[in-house]
Structure formats: C-alpha cells, structure tokens
Amino acid sequence: MINEQIVVDGDHPTRIPSLNIIRQSAAGEPIHTVYEPSICVIVQGAKMATLAGNRFPFDATSYLIASVHLPIIGQVIQAETERPFLCIQISFQLEEIINLLNTTPLQHPTKTAAPSGLVLNETTPRLLEAITRLVGLLDTPEDIEPLSPLVLREILYRVVKSKQGGHIVKFAKNGSNVNRIAEAIQMIYRNFKEPLRVEELAEQVHMSTSSFHQHFKNVTAMTPLQYQKVLRLQEARNLLLTETTAAADAGFQVGYESPTQFNREYARLFGLPPKTDVDRFQKSLEE
C-alpha cells in the first residue's frame with residue numbers, strides 16, 4: 001500500500017496532519033534533526049537513532065517512541081532500490097495521552113526504570129493493523145476527518161497498553177517529575193535562542209536544581225545547557241545549508257555571542273567547521 005502511494009524518496013507529510021511517511025531507497029549519512037513527540041514505525045528497512053551517544057537500532061520488529069522533543073542523529077542503515085526504507089511517523093501531544101487516561105481505564109506498569117525520552121518497543125500485529133487502517137484513509141480523503149481521530153486514538157491506546165507504555169504515562173501524569181521535565185523541555189525548545197538560567201527554570205517547574213538536573217539527564221541523556229546547545233547548533237546548520245547566511249551571522253541568530261565559541265562547538269558536533277561543512281554539502285549536491 002505505502003509503496004504504491006509513496007514512490008519518491010523524502011519526507012512526505014499527508015492529509016492527516018499527524019501522519020508523516022518517510023521513504024529512502026539507499027542507506028544514508030547520519031542526519032541531525034529534532035524528533036517531536038511521536039512514534040516511528042518501520043515498514044521496511046532499518047534505522048539507527050542516536051541520542052547523546054546512546055544508540056537505538058530499530059527495524060520492522062520494533063518501533064521508536066519519543067515522548068518529548070529530542071535532538072537526534074538519525075541514519076538509515078538498511079535500504080535498497082527494490083525494497084526502500086519506509087517509515088510511518090505519527091506525532092502526538094501529551095494532552096492526547098492525558099485525555100486517553102482520563103476516559104479509558106488502562107492497566108499500565110507503575111514501576112519502570114528512570115524514564116528516558118526515547119525508548120524502543122515491540123511492534124505488534126494489532127498496532128500494525130491500526131496503522132494500516134490509518135494509512136488506508138489516504139485513499140478515501142472524505143473519510144479522513146471523521147475517522148482519523150478514532151484510529152489515531154486506537155494507536156495511542158495500543159502504545160500506552162504496551163510494555164513500554166508506562167514511560168509515556170509518566171510523562172503525561174500531571175505533577176510527576178518527568179512531566180515537569182517535559183514542561184521545561186518545551187520552554188527551552190521554544191526559546192532556545194535566549195540565555196538559559198537553569199536555577200530559574202527549575203524553580204518555574206517547581207523542582208530543586210539538583211533534582212531538576214538529575215531528571216533532565218535521565219530523560220534527554222544531556223544537561224539542560226547541552227540540550228540547548230545542540231538545538232542552537234542544529235538550527236544554525238539549517239540556516240547555513242538552506243540560506244545564504246555567513247557563519248558568524250548564523251551563530252548570532254541562534255544565540256551565540258562569540259564567533260570563536262560557535263565555530264569550535266559547531267566543529268565538535270558536526271565534525272567540520274561551518275564553512276568547510278557547507279562547502280562539503282554543496283559539493284555533494286553537485287555530484
């Protein structure tokens with residue numbers, strides 16, 4: 001079904017706002033991006049997602065759950081022309097999980113390890129069946145508005161009921177430490193260009209500074225300042241690769257005051273100084 005609908009490589013938004021389909025016909029280079037709260041289900045091929053050095057390989061037997069916005073390095077590691085990499089990405093809001101929990105009695109694990117914002121889960125036939133019905137709605141656009149909310153709710157229900165569903169529940173549960181971290185992540189994500197004062201942010205979400213640091217690192221595998229830095233550098237790289245922006249200007253636009261510091265941290269994350277990185281990218285487009 002998906003092979004017939006999506007015949008060109010790339011990211012394909014659909015008429016269902018929360019549904020995105022990714023196709024790639026060959027293994028590729030690592031790509032720095034930000035995952036929004038979503039589930040990523042592979043239909044064909046395999047991918048490696050890396051969060052702060054922690055690797056999450058997944059294929060058609062498993063799917064990835066991101067409960068908060070996370071800066072990820074994604075790399076398609078298995079794809080062929082005849083059997084391209086195909087991935088279904090379904091985004092969600094934590095409010096949808098809260099609504100589901102408020103209206104549907106669910107049994108989920110009360111004790112789980114320190115919640116990470118990124119976990120792998122086993123792909124089940126019932127989850128795949130629901131996702132297939134969601135994608136099938138693209139063939140009948142008149143059915144999308146009345147039926148897609150019902151199918152999306154079923155998909156979230158299947159995810160929450162799953163082995164790793166307790167992780168999402170903790171993020172959605174008002175007043176929990178990880179729910180407060182999710183709130184703080186939203187603040188940083190929306191205002192990453194602004195100076196970050198960790199003590200003030202911890203106070204805003206009603207946590208001590210030490211507890212805030214500990215739980216933030218459990219969720220993101222980074223400190224708050226490291227998280228902000230990666231967001232800034234990813235945005236700067238997008239500016240450099242898609243617009244005629246000088247390196248110093250890109251650094252200033254994302255919140256850096258020192259070009260030297262920007263160049264140093266850019267090279268540390270992406271492996272090359274800004275200008276060299278842009279030159280390599282432009283050369284790859286010409287090949």
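Start at V119: setting aside neighbours within four places in sequence, V119 is in contact with F56, Y63, L64, I65, Q164 and H167. This valine belongs to strand 10, residues 118-122. It counts as buried because its relative accessibility is 9%, under the 20% cut-off. For a sense of how the chain folds back here, take V119 and I168: they are 49 residues apart in sequence, yet their C-alphas are 9.6 Å apart in space. Keep in mind that this is a predicted model. Mean pLDDT for the protein chain is 92, with 94% of its residues at 70 or more. Confidence is lowest in helix 1 (residues 2-5), where the mean is 67, and highest in strand 5, where it is 98.

Now move along to helix 6, residues 177-190. Its 14 residues reach 20 Å from first C-alpha to last, close to the 20 Å expected at 1.5 Å a residue. V178, N179, I181, A182, A184, I185 and I188 are the buried residues in helix 6. They pack against helix 2 (94-103), helix 5, helix 7, helix 8 and helix 9.

Helix 8 is one of those partners, and it's worth a stop of its own. Running from 209 to 220, helix 8 has twelve residues and reaches 16 Å between its first and last C-alphas, close to the 16 Å expected at 1.5 Å a residue. Which of its residues are buried? They are S211, F212, H215, F216, V219 and T220. Look down the axis of helix 8 and these buried residues fall within an arc of 135°, so they line one face of the helix. On the face turned away from that buried side you'll find the exposed residues S210 and Q214. As for what the buried residues of helix 8 pack against, there are two strands, strand 5 (46-51) and strand 8 (70-78), along with helix 5 (165-172), helix 6, helix 7 (198-204) and helix 9 (224-242).

The ends of helix 8 are a good place to talk about backbone angles. Most residues other than glycine have a negative phi. Just after helix 8, though, A221 takes a positive phi of about 65°. On the other side, in the loop between helix 7 and helix 8, sits H206, which also has a positive phi of about 65° although it is not a glycine. Is H206 buried or exposed? At 65% relative accessibility, H206 counts as exposed. Another residue to check is A52, in the loop between strand 5 and strand 6 (54-59). Its phi is near 50°, again a positive value in a residue other than glycine. A52 is partly exposed, with a relative accessible area of 43%.

From helix 8, carry on to helix 9. It has 19 residues and reaches 27 Å from its first C-alpha to its last, close to the 27 Å expected at 1.5 Å a residue. Plenty to look at here: P224, Y227, Q228, V230, L231, R232, L233, Q234, A236, R237, L239 and L240 are buried in helix 9. Two of the arginines on that list, R232 and R237, lead us to the aromatic residues further on. R232 lies over the face of Y256, at 5.8 Å from the ring centre, while R237 lies over the face of F270, at 4.7 Å from the ring centre.

Those two rings belong together: Y256, F262, Y266 and F270 form one aromatic cluster. Across the whole structure, a search finds five aromatic pairs. Y256 itself is in the loop between helix 10 (247-253) and helix 11 (259-270), and it counts as buried because its relative accessibility is 5%. Leaving aside neighbours within four places in sequence, Y256 is in contact with K229, R232, L233, G251, Q261, F262 and E265. To relate this spot to helix 8, note that Y256 and S211 are 45 residues apart in sequence and 28 Å apart in space, C-alpha to C-alpha.

Finish with G255, which lies in that loop between helix 10 and helix 11. At 23% relative accessibility, G255 counts as partly exposed. Beyond its neighbours within four places in sequence, G255 is in contact with K193 and R232. The glycine can also be placed relative to K229: the two are 26 residues apart in sequence and 9.4 Å apart in space, C-alpha to C-alpha. So R232 turns up on the contact lists of both G255 and Y256.

How values were computed. Residues are numbered from 1 along each chain as its sequence is written. This is a predicted model: local features need pLDDT of at least 70, side-chain atom pairs count only at pLDDT 80 or more; totals for chains, interfaces and linings use all residues. Side-chain values use heavy atoms; hydrogens and water are left out. Helices (H or I, at least four residues) and strands (E, at least two) are DSSP runs, numbered from the N terminus. The expected span of a helix is 1.5 Å times one less than its number of residues. Buried means under 20% relative accessible area, exposed over 50%, partly exposed in between (1.4 Å probe, protein chains only). The arc is that of the directions from the helix axis to the C-beta atoms. Contact means heavy atoms within 4.5 Å. Rings of Phe, Tyr and Trp (its six-membered ring) pair if their centres lie within 6.5 Å; planes under 30 degrees apart count as stacked, over 60 as edge-to-face and the rest as tilted. A charge sits over a ring if NZ of Lys or CZ of Arg is within 6 Å of the ring centre and within 35 degrees of the ring normal. pLDDT is the predictor's confidence in each residue, from 0 to 100.
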